[in-house]
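User: Could you take a close look at a single part of this predicted model and describe it in one connected account, with the cut-offs spelled out?

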Amino acid sequence: MPFLYDTHVHTCQGSKCGTSTGAEHARFYKEIGFQGIIITDHFFNGNTAVPRDLPWKERVELFCSGYEDALSEGQKIGLDVFFGWEQNFNHDEYLIYGLDKNWLLNHPEVESWTRAEQLQVVSKHGGCVVQAHPFRNRAYISQIILGPQFCHGVEVINMGNFAYNDAAAYRFAQEYGLTMTAGSDNHFSCADNWKDTIGGIVLDKPLASVMEYARIIREHLPLRFSVDESRFALQPDAPSLETFWLDENEQPSPTGRNWLHP
C-alpha cells in the first residue's frame, strides 16, 4: 500500500501568500487520500505573515500557528502532520526539515544565518536542507541561483512550477548526486481538479517523524513520486534559463550551462 506525503505546504497563518488554514489543508489531504503533509511556511526572511517588529517568542508562536492548527485537525481525522519551514535568501529558497518550534524559540540567530551556517547547524541537529524549486523563473525572481554545496537535496517536482523548471531541476540533481524530492508548494486546498496541482512523495510505510524524512534525504535514499516522471522530459520549445552558481562567499556567478538543451 502506498503512503503519500506532500512535503511543501503553506498556510495563511504563517505565509502571507497562503489562503487556506492548517485545518483546511488537513481535511483536504485526508479527503484525497494522502497519509500526511509537512507544513513549510515562509520564514521571516521570506513572504511571512508574521509582523517583523514583534519580540522573537511572539513571532515564533505566530509562525507555528498554521502548523499547530493542521496538527490538531490531523490528530482528529488521522492525518500525519509534520513541521518545517522555507527560508529565503536572494530568491533562492530552502526547505528545512528536522528542527522544531522549541528549537526555534531558543535560537533567534537562525534569522541571520548564511546558507553555509544553515547547512552546518541543521546537519548538526539531524535535520536536512532541500533547495526548493531551484529553476523557477518568475518576474519577481532576478536570478536563478543554484547552491548544491548548501543543501542535501533538491525539489525536482514542484507543482507550482512549469514542467520545464522541474525538467532542469531533475538534470541538476542527477549531475550533483543530490536526493530528489517532490511537493506541491500548496497555498490553497481545493477539491476541484486537484490532480493538476497536488503531488508529493510515495513511501512504502508511514513516516514515524519528520526526522525520519530528514534521514532519508541526508542518506540519499531514493524516493518515488506521485506525479508521472514524464514531467522530466526535455522540451525543445522551453525557454533558456540563465543560471548562477554560488561561490564559497555565497556570491553568484554565471554557470554558462543550459540545463534544458545539453
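Analyst: **From Glu117 to helix 3**

Glu117 has a relative accessibility of 35% and therefore counts as partly exposed, a class lying between buried (under 20% relative accessible area) and exposed (over 50%), with a 1.4 Å probe and protein chains only. The model is predicted, so local features need pLDDT of at least 70 and side-chain atom pairs count only at pLDDT 80 or more, while totals for chains, interfaces and linings use all residues. Residues are numbered from 1 along each chain as its sequence is written, and side-chain values use heavy atoms, leaving out hydrogens and water.

Glu117 belongs to helix 5 (residues 115-124), where helices are DSSP runs of H or I with at least four residues and strands are E runs of at least two, numbered from the N terminus. Its C-alpha is separated by 38 Å from that of Lys76, 41 residues apart along the chain, and Lys76 leads to helix 3, where it and Gln75 are exposed residues on the face turned away from the buried side.

Helix 3 (residues 65-77) has 13 residues and reaches 18 Å from first to last C-alpha, close to the 18 Å expected at 1.5 Å a residue, the expectation being 1.5 Å times one less than the number of residues. Its buried residues are Gly66, Tyr67, Ala70, Glu73 and Gly74. Because they cover an arc of only 135° around the axis, they lie on the same side of helix 3; the arc is that of the directions from the helix axis to the C-beta atoms. These buried residues pack against helix 1 (22-31), strand 2 (36-42), helix 2 (56-63) and strand 3 (80-88), contact meaning heavy atoms within 4.5 Å. Just after helix 3, Gly78 adopts a positive phi of about 85°.
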